[in-house]
Structure formats: C-alpha cells, structure tokens
Amino acid sequence: MTDLKELRAKARNFAVEHRTLLLKAGAACAVCALGGAFLLFGPPRMIELTESPQFCALCHSNQNGDWLHSAHRREKCIDCHLPNDNFADHYMWKSIDGGKDVFFHFSGLGDGNDTQLTPHGKKVLQANCIRCHVDLVSHINNKRSCIDCHRTLSHRRTALTLTKEEMKK
Ligand code: HEC
Ligand code: HEC
Ligand code: HEC
Ligand code: HEC
C-alpha cells in the first residue's frame, strides 16, 4: 500500500514539474489523432479510396482488365483478397499486404502485373469463396481448393474460351 502511495506521489510530482512538456506532448498526440482521422475518414477518405478496385488497378492493370470481364465484377478486389471474417483481421492484413505491395512496387523488386498469390493469399481467397457461397458449398469438401475446378476464376483465364490443352498450361 505504501509503495503504491509513494508511486502516486512521485507521478504527481513528475506531472507538476513537467507540466508544460506533458501539455505539449498531449497537444501533439491530439493533433496527430485528428489529422489521422481526417485522412482516413474525412474528405480524403483514404480507407475507402484504398479499398476501391480503381486504386488496386494503379499497379494491377492486367488483373483489373480481366476482373472487369468476370462474373465477379460487382465484387471488389478486397472481397476476395483480404480477410473479411472480422474487422481486426481485415485491417491488420490490409496494413501488412498494402505495406508489402507498396515496398515491392517502389523498390522495383516486384511487378503487380506479374506476380502470384502467396500461400497466405490462397488461404484468404478460399475462406472468401466459402463465405459468399456458403449455402451452395455446405455439402462439399471445403478443404479442396475451389479454383482447382473453377479455373476460369483465375484472372489469367477469365473471359477466355480455352481448349482442354490450353487449360493444362
Ligand atoms: C503501389 C502499387 C500497388 C498497389 C496500389 C496495389 N498493389 Fe498489389 N502488388 C503490388 C506488387 C508490386 C506486387 C508483387 C509483390 C510480390 O512480388 O510479392 C503485388 C502483389 C499483389 C498480390 C499477390 C501477392 C499476395 O499478396 O498474395 C495480390 C493478391 C495483390 N497485390 C492485391 C492487391 C489489391 C487487392 C490491391 C488494392 C487494395 C493492391 N494489390 C494494390 C503492387 C501494388
Ligand atoms: C472472385 C474473387 C476475386 C476477385 C473479386 C479478384 N480476384 Fe484476384 N485472384 C483471384 C483468383 C482466383 C486468383 C488466382 C489464384 C491462382 O491461380 O493461384 C487471383 C490472383 C490475383 C493476383 C496474383 C496474380 C495472378 O494473376 O494470379 C493478383 C495480383 C490479383 N488477383 C489482384 C486482383 C485485383 C487487383 C482485383 C480487383 C481489380 C482482383 N484481384 C479481384 C480471385 C479474385
Ligand atoms: C463477395 C462475395 C463473393 C466472393 C468472395 C466470391 N463470390 Fe463467387 N459469386 C458471387 C456472386 C454475387 C455471384 C453471382 C454473379 C452473377 O450471377 O452475376 C458469383 C458467381 C460465382 C460463380 C458462377 C459464375 C462463374 O464465374 O462461373 C462461381 C463458379 C463462383 N462464383 C465461384 C467462386 C469462387 C471459386 C470464389 C473464390 C475464388 C468466389 N466465387 C468468391 C459472390 C462472391
Ligand atoms: C471437384 C470440382 C469442384 C470443386 C472442388 C468445387 N466446385 Fe463448384 N462446381 C463444380 C461443378 C462441376 C459445378 C457445376 C457446373 C458449373 O456451373 O460450373 C459447380 C458449381 C458451382 C457454383 C454454381 C455456379 C453457377 O453457375 O451458378 C458455385 C457458386 C460454386 N460451384 C462454388 C464453389 C466454391 C466456392 C468451391 C470451394 C469451396 C467450389 N465450388 C469447389 C465443381 C467444383
């Protein structure tokens, strides 16, 4: 108990001594929070902007062109390519994948038009297929990759009429 009292007294002394410093730090935090909220939710609406297919298309023009011809053109890229099970998971992977994409693009180490899904990207995709088509697929093995059979869902094969031989490639 006495320890706690001492600690409180120390904290109070510290606050009194460094009042202006703390006030400045508090003000800086408030400005940052307000600025961040403005960018994300205010007129620039960064969250909405960076979730639109038009934004993804800046670096993925090939996939965007194919997607526009697909049965899923009313679903957004992120409906398939980000986790949509809960808010936290969605925004955590939005930051990780978004950061990775931007890094690869501007470092020249990767090309958005010539890339492949990561193993994690495949899991996310499968979960999203099941999420939207849950009624239809409730009676089949959901562990099996949907796109093993639904091969034209892959952007490179969308909107093409392929022969059996071409499909093997
Ligand atoms: C600034 C350019 C840029 C933007 C904008 C961008 N990407 Fe990418 N993306 C890339 C690059 C470069 C790669 C290749 C990175 C690599 O080789 O791993 C990539 C890879 C991918 C991959 C395959 C690798 C993986 O993570 O499974 C997917 C899927 C993807 N992006 C989806 C999206 C979506 C969805 C959006 C919009 C929300 C988007 N990207 C916006 C540049 C971008
Ligand atoms: C209906 C779900 C769905 C939607 C919507 C969707 N994709 Fe995909 N995406 C896929 C599938 C399926 C693959 C291929 C997986 C494979 O073959 O390994 C893929 C693969 C990719 C890849 C990896 C490279 C490649 O071509 O295989 C990128 C990049 C990508 N998509 C970007 C996008 C962008 C950008 C959009 C929006 C303009 C989008 N996707 C919309 C299902 C989707
Ligand atoms: C965001 C919800 C959503 C996601 C994610 C989604 N779908 Fe769909 N899917 C739809 C809707 C809506 C339609 C009906 C489109 C129409 O009839 O115009 C559709 C149509 C289809 C069709 C019939 C049309 C066709 O292309 O042959 C198949 C097959 C299909 N989806 C499979 C998949 C697979 C496999 C995945 C995962 C790669 C997937 N879907 C992801 C909503 C979704
Ligand atoms: C063993 C192959 C196979 C697998 C794996 C498979 N499907 Fe299918 N699916 C079919 C066949 C065959 C049809 C009926 C023919 C058609 O419409 O394409 C069908 C039909 C559908 C349809 C209705 C298409 C329409 O035109 O209305 C949807 C949606 C669909 N599947 C989604 C999925 C999803 C999501 C998965 C993964 C959980 C999946 N399928 C896994 C073979 C498969």
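Start by selecting ligand 3 in this predicted model, then colour helix 6 (77–81), helix 8 and helix 10: each of these supplies at least two residues of the shell around ligand 3. Helix 8 is the one to linger on, as it gives the most to this shell, with 4 residues.

Next, show the side chains around ligand 3. The shell has 14 residues, and those that come nearest are Ala 71, Asp 79, Cys 129, Cys 132 and Cys 146. If you colour the shell by class, you should find 8 nonpolar, 4 polar and 2 charged residues.

Keep Cys 129 and Cys 146 selected and move to ligand 4, because both also belong to the set that surrounds ligand 4. The rest of that set is Ile 130, His 133, Leu 136, Val 137, Ile 140, Asn 142, Arg 144, Asp 148, Cys 149 and His 150.

Which helices each supply at least two residues of the shell around ligand 4? Select helix 8 (119–132), helix 9 (134–137) and helix 10 (146–149) to see them. Here helix 10 gives the most, with 3 residues. Coloured by class, the shell around ligand 4 shows 7 nonpolar, 3 polar and 2 charged residues.

For the last stop, leave the ligands and select residues 87–107, which form helix 7. This helix has 21 residues, and a distance drawn from its first C-alpha to its last reaches 30 Å, close to the 30 Å expected at 1.5 Å a residue. Then step to Gly 108, just after helix 7, where the backbone takes a positive phi of about 80°.

How values were computed: Residues are numbered from 1 along each chain as its sequence is written. Chains are lettered from A and ligands numbered from 1 in the order in which they are written. This is a predicted model: local features need pLDDT of at least 70, side-chain atom pairs count only at pLDDT 80 or more; totals for chains, interfaces and linings use all residues. A residue is near a molecule or strand if its C-beta atom, placed from the backbone, lies within 6 Å of it. Ala, Val, Leu, Ile, Met, Phe, Trp, Tyr, Cys and Pro count as nonpolar, Asp, Glu, Lys and Arg as charged, and the others, Gly among them, as polar. The expected span of a helix is 1.5 Å times one less than its number of residues.
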